[in-house]
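Here is a friendly walk through one structure, meant to be read with the coordinates open beside it. We will start inside the protein, move on to charged pairs, and finish at the DNA.

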There are 4 protein chains.
Amino acid sequence: MGAVKTKRMPRAVREQQMLDAAVRTFGRRGYMAASMDEIAELAGVSKPLVYLYLNSKEDLFTACIRREAAALTEAVRAGVRREAPADSQLWEGLGAFFTHTAQNPDGWAVLHLQARTHGEPFASEVAAMRAEIVAFVTQLILAAAREAHRDPDLPESEVAGLAEALVGAAEALADWANATPGVTAREAAATLMNFSWSGLGNLMAGRPWSPPAGAQPVAAHEVSG
Amino acid sequence: MGAVKTKRMPRAVREQQMLDAAVRTFGRRGYMAASMDEIAELAGVSKPLVYLYLNSKEDLFTACIRREAAALTEAVRAGVRREAPADSQLWEGLGAFFTHTAQNPDGWAVLHLQARTHGEPFASEVAAMRAEIVAFVTQLILAAAREAHRDPDLPESEVAGLAEALVGAAEALADWANATPGVTAREAAATLMNFSWSGLGNLMAGRPWSPPAGAQPVAAHEVSG
Amino acid sequence: MGAVKTKRMPRAVREQQMLDAAVRTFGRRGYMAASMDEIAELAGVSKPLVYLYLNSKEDLFTACIRREAAALTEAVRAGVRREAPADSQLWEGLGAFFTHTAQNPDGWAVLHLQARTHGEPFASEVAAMRAEIVAFVTQLILAAAREAHRDPDLPESEVAGLAEALVGAAEALADWANATPGVTAREAAATLMNFSWSGLGNLMAGRPWSPPAGAQPVAAHEVSG
Amino acid sequence: MGAVKTKRMPRAVREQQMLDAAVRTFGRRGYMAASMDEIAELAGVSKPLVYLYLNSKEDLFTACIRREAAALTEAVRAGVRREAPADSQLWEGLGAFFTHTAQNPDGWAVLHLQARTHGEPFASEVAAMRAEIVAFVTQLILAAAREAHRDPDLPESEVAGLAEALVGAAEALADWANATPGVTAREAAATLMNFSWSGLGNLMAGRPWSPPAGAQPVAAHEVSG
DNA sequence: TATGAATGAGTGTTCATTCAT
DNA sequence: CATGAATGAACACTCATTCAT
């Protein structure tokens, strides 16, 4: 199952192989239960090489967190057209988010489960990424208020709480979609848009949210597949 | 800080002391980083006694999960008047939930962080509790539809997704409230009710949700205290 | 060659067994080349027990140094009659010193070779013991001057240097006596008394130093053996 | 602080750079704690080159011992006028010895501390050099006896012991002088001449040894500098 | 000549777990 | 009922050493 044993690779390539193996192992076993032996074997290299390139288990885990956090935020960023209306941006962002977490379950487990469970310095590493996302959602909510020609008389902390709730819901739905066969990224995004934009009250009243024309909730290749 | 060393306690009492120590240690250090030595010392007993009563680290952790899961579900159950309208029940349940998680941060960490991060058999143990809560919320949503005199033409899986989203949002807000000084259980519950019941769209339109008369968002003793 | 495997010893006894094994191993292999595995095996216990009782390799080595330093200074102290003339005291002290180092070659190696070669905190540990001995010799030299009814117009630092030289000569002769079959502690002591008390010049002139009546250069049992 | 990285040096030069780095590292860290990585980096070359030129860590250390032993004996030899009286030769030899050890503390540490502490084959390597010095001192003592027109009725082994004592005292004083600010090589030599030539007894009687006219206790360039 | 890439073997240390009392 | 004494098994980490280029 490990990578084919190829010898004499340039350092950059080997490092990525190691990070791949580490993300997979950390994501499945957890930070402490993962052994450097197992990671090295899965990467197809000897343990000393892992230490030569990545210094320590702690540094290796931190590198995993950073790489996966960057990949996730980049995926969301790339999926959102910043000039679109607020609900379109949210719809697109959620689509990109659920698509990415579905395609990278181990990376998602590292970020969402493992990094938060093993104290400093890992927790703050992933907290920084999460804060970035929460800030983005907060801006979206304020933009929606502006678009509705309303002063956001909601206090700051109230908006922060709403953004937290939305992000938390998205995280839970990502786990749920990964664990429930047959639920696509698009469906998860639609469920969350309905929930968050219309609210349960409106849903009950028969007024669901519907995707704006032209919004792209998931990557093109996913739709065609 | 450990329990005062008293001799000859009845078994049930000793066991609770051990579970107290274990929940605290597991919640703060994590499952793997917690050592049986530390737990035994914190409980004020010798290590062999922990093994005599609780068999193994795995069994001890499982016992922690079960006890904390039971305590949490019981707290929510006790906070909800089952004959009240759906939104009242949700409001009361959320109040009870945020109150309990705020008062039991270690137990909440065991359930929400540690138990889910260390594979089987712990993950399914806590998944069972979570499924129970999700099922309760699902029933609430269906009841709300009935109260609104609408057939729930929403497909089953759609409702399940909504319930997952709501529960996920609640979990995130519990962490947020615990980490943000000055946010009370009542405020967290109100934020989530607004978010989930009215939806962001209605909030923007100036139609927030407001607590029904007679609903108790938090346990009575909390209000009086 | 290891101690007979006896089970369930009281802690104090086991600790001495471990120190015995450690002194022997450190003395022969050196601090770094000695492995905790080897020490544990030689002591007839498992490695975790060594750690349980003695904490770390560093602490174990420090404990060895302290025990051997205490034993050596105690042996010298016990061999010297403090009310005797200065040269008698030196003669007795040297006898005790050479006897002890001959009977404890591993302990002597720990003190004289290993502890000084591996930096702090070991070096200062043994330096303290050595300083004590140098101070004792310094007092002896000053006492000799007083006995000769001379003001010691030798400057302080000069006397310190003489004491250093005498102690250094004793250390070298201890190694030499241990390495040269047939050289007894008594002979080594006599050689050094001649060298230091009479000086080469006097020896050449046919005026060697001779042991004062009643002085005991070596332990009684050694003489009879 | 390492040598400037210059390419294409002749082999002999590169080898000396490596030995310089090795002596410094071995002298400060000890044989086992010194890593080939550190030595290579300090020498400004890659690790394989060190192995190409010097074969192994053991061989490298042996080469260090040999070079430093040769340098020390050569320094002493160069400082002594072989046709002078015995005490002059000793005085000059000691001066050269203390000067050299003060100027080469790392080399002295290698010879006096490290090489003797790590077993064969290093111990016998340095023992050979030491034996040479002891033999030289033995000859000096016998020559002094001849000069005093006395048959050395001292037995061979007695003279050997005296030489051992003198050399041991010199070694200890070298360490002492290096560790004690303000003690010069000349003072150390004078102290040891007094101690060994006159003896404590004569010192007490007010008959110290005094340097013969024309004797050179330290290298000429030191005096002028 | 010179080196970046790579590893086998071993180190100190920890921990869950079990006896004998 | 309760514990001091003890260990098998594993883990993170390091280092001398060697290829392939």
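## Nonpolar cores

The largest nonpolar core holds 131 residues, and A:Phe98 and B:Phe98 have the most contacts inside it. Please keep in mind that this is a predicted model. Setting aside neighbours within four places in sequence, A:Phe98 touches A:Ala170, A:Leu173, A:Ala174, A:Ala185, A:Ala188, A:Ala189 and A:Leu192. There is also a second, separate core of 130 residues, with C:Ala177, D:Met18, D:Met36 and D:Ala189 among its members. As background, nonpolar side chains tend to be buried together in soluble globular proteins.

## Salt bridges

How many salt bridges are there over all chains? The count comes to 43. In general, side chains of opposite charge can pair when their charged atoms come close.

A:Arg11 and A:Glu15 make one such bridge, with their closest N and O atoms 3.0 Å apart. Why are these two separated by about one helical turn? Because they sit four residues apart in helix α1 (residues 11-29) of chain A. Both ends are partly exposed: A:Arg11 has 44% relative accessibility, and A:Glu15 has a relative accessible area of 22%.

In chain B, the side chains of B:Arg66 and B:Glu125 meet at 2.6 Å, N to O. This pair links distant parts of the chain, since B:Arg66 belongs to helix α4 (residues 57-79) and B:Glu125 to helix α7 (residues 122-147), 59 residues apart. B:Glu125 is partly exposed, at 22% relative accessible area.

Chain D offers another bridge, between D:Arg67 and D:Asp20, whose closest N and O atoms are 2.8 Å apart. D:Arg67 lies in helix α4 (residues 57-79) of chain D and D:Asp20 in helix α1 (residues 11-29) of chain D, so the bridge ties together parts 47 residues apart in sequence. D:Arg67 is partly exposed at 23% relative accessible area, and D:Asp20 is partly exposed at 43%. In chain A, salt bridges that share partners join A:Asp20, A:Arg67 and A:Glu68 into one network.

## DNA strand E

Around DNA strand E there are 33 residues, the closest being A:Arg8, A:Pro48, C:Lys47, C:Tyr51 and C:Lys57. Of the strand E atoms within 4 Å of the protein, 57% belong to sugar and phosphate. By class, the surface near this strand has 16 nonpolar, six polar and 11 charged residues.

## DNA strand F

For DNA strand F, the surrounding residues number 34, and A:Arg8, A:Lys47, C:Arg8, C:Pro48 and D:Lys47 come nearest. Sugar or phosphate makes up 56% of the strand F atoms within 4 Å of the protein, and bases make up the rest. The surface here divides into 16 nonpolar, six polar and 12 charged residues. Elements that each supply at least two of its residues are α3 (47-54) of chains A, B, C and D, together with α1 (11-29) of chain C.

## Phosphate contacts

Which protein atoms lie beside phosphate oxygens of the two strands? The table lists polar contacts for each.

| Protein partner | DNA strand | Distance to phosphate oxygen |
|---|---|---|
| B:Met36, polar backbone atom | E | 3.0 Å |
| D:Arg14, side-chain N or O atom | E | 3.1 Å |
| D:Ser46, side-chain N or O atom | E | 2.9 Å |
| A:Tyr51, polar side-chain atom | F | 3.0 Å |
| C:Met9, polar backbone atom | F | 2.9 Å |
| D:Tyr51, polar side-chain atom | F | 3.1 Å |

Notes:
Residues numbered from 1 in each chain as written. Chains lettered and ligands numbered in written order. Predicted model: local features only at pLDDT ≥ 70, side-chain atom pairs only at ≥ 80, totals over all residues. Heavy atoms only, no water. Near = heavy atom within 4 Å. Polar contact = N/O pair within 3.5 Å; in protein donor to acceptor, adjacent residues only side chain to side chain. Nonpolar A, V, L, I, M, F, W, Y, C, P; charged D, E, K, R; others polar. Salt bridge = Lys/Arg side-chain N within 4 Å of Asp/Glu carboxyl O. Buried < 20%, exposed > 50% of the residue type's maximum accessible area, 1.4 Å probe, protein only. Core = buried A, V, L, I, M, F, W, Y, C linked by side-chain atoms within 4.5 Å. Contact = heavy atoms within 4.5 Å.
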